[in-house]
Amino acid sequence: MPQSLATVIVHGIFSTKNRHPWLLDEWRSDLFRVVGSVIGTLNCHPLVVGGVADHMHILFELGRTITIADAMGRLKSNSSHWININHARVIPFQWQAGYAAFSVSPLSVDLTRNYILSQETHHKKRSFHDELRDCFRKAGIEWDREQAHAGPETVGVGGQRQNGCENRT
């Protein structure tokens, strides 16, 4: 085959340091636009960005020349920089170490997109910790229960899911 073709769709999740609610309503949509732009500069294709005050979700098509770890690291670094420049606090903003990343079947993109866009409603009923724990369980990812109580410091990459964490309400 004379060309390289790939479709890898990633649902990434990461939280603010210690899950502090630092992503304020007044500028969160601007942050989502910045995150989508950053993903685009990595030759990835953003599908949707969403979240709440203490964590974010991003659904994107991974570019052929970048790893999930590099994409997530650059995304978190650039978005932290934007937050610190544009919405400075006494304490510099930081994301929690690590992230969760799950592959998503092309058949589940619309379901995952709707799940990400409904985060505000979703988290009125369900905590971030419960959400992440269920995502790990459904993807078959081993995680340290002790560490999970301290925060999502684990990097997880799950298998393709037809009915992953996004089907929760």
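The loop between strand 1 and helix 1 is home to Asn18; helices (H or I, at least four residues) and strands (E, at least two) are DSSP runs, numbered from the N terminus. Asn18 has a positive phi, near 55°, even though it is a residue other than glycine. With a relative accessible area of 51%, Asn18 is exposed; the cut-offs are under 20% for buried and over 50% for exposed, with partly exposed in between, using a 1.4 Å probe and protein chains only. Arg19 sits in the loop between strand 1 and helix 1 too. Arg19 is not a glycine either, and its phi is positive at about 55°. Its relative accessible area of 24% makes Arg19 partly exposed.

This is a predicted model, in which local features need pLDDT of at least 70 and side-chain atom pairs count only at pLDDT 80 or more, while totals for chains, interfaces and linings use all residues. Residues are numbered from 1 along each chain as its sequence is written, and side-chain values use heavy atoms, with hydrogens and water left out.

Stepping back to the whole protein, the secondary structure adds up to 6 helices and 5 strands. Read from the N terminus, the order of the elements is β-α-β-β-α-β-α-α-α-α-β. Of the 169 residues, 49% are buried. The accessible surface is about 8800 Å², and carbon and sulfur atoms own 50% of that; these areas come from the Shrake-Rupley method with a 1.4 Å probe, and for residues only the protein chains shown count as cover. Among contacts (heavy atoms within 4.5 Å) with a separation of 6 or more, 74% are between residues 24 or more positions apart.

Now for the inside. In soluble globular proteins, nonpolar side chains tend to be buried together. Here the largest nonpolar core has 28 residues, and Leu31, Met56 and Phe60 have the most contacts inside it. A nonpolar core, for the record, is a set of buried Ala, Val, Leu, Ile, Met, Phe, Trp, Tyr and Cys residues joined through side-chain atoms within 4.5 Å. At least two residues of this largest core come from each of strand 1 (9-15), helix 1 (25-41), strand 3 (55-61) and helix 2 (68-86). Helix 1 gives the largest share, 7 residues. There is also a second, separate core of 9 residues, including Ile13 and Phe102.

Helix 1 itself has 17 residues and spans 25 Å from its first C-alpha to its last, close to the 24 Å expected at 1.5 Å a residue; that expected span is 1.5 Å times one less than the number of residues. Its buried residues include Trp27, Leu31, Phe32 and Val35. After helix 1 comes Asn43, with a positive phi near 60°.

Which residues does Met56 touch, not counting residues up to four places away in sequence? Among them are Leu31, Phe32 and Val35, along with Gly12, Phe14 and Trp95. The C-alpha atoms of Met56 and Ile116 are 8.7 Å apart, although their places lie 60 residues apart along the chain. Ile116 belongs to helix 3 (residues 109-117) and is buried, with a relative accessible area of 1%. Beyond its neighbours within four places in sequence, Ile116 is in contact with residues including His11, Val48, His57 and Leu59.

Strand 3 also holds His55, which is buried with a relative accessible area of 0%. The side chains of His55 and Gln119 are joined by a polar contact of 3.2 Å. Such a contact is a pair of N or O atoms within 3.5 Å; within protein, one must be able to donate a hydrogen and the other to accept it, and residues adjacent in sequence count only if both atoms are side-chain atoms. Leaving out residues up to four places away in sequence, His55 also touches His123, Phe128 and Glu131, among others.Last come the aromatic rings. Rings of Phe, Tyr and Trp (its six-membered ring) pair if their centres lie within 6.5 Å; planes under 30 degrees apart count as stacked, over 60 as edge-to-face and the rest as tilted. By this rule there are 4 aromatic pairs. Why is the pair of Phe14 and Trp95 edge-to-face? Their ring centres are 4.7 Å apart and their planes stand at 90°, so the pair earns that label. The pair links distant parts of the chain, with Phe14 in strand 1 and Trp95, 81 residues apart from it, in the loop between helix 2 and strand 4 (100-104). Both Phe14 and Trp95 are buried. Phe14, Trp22, Phe93 and Trp95 make up one aromatic cluster.
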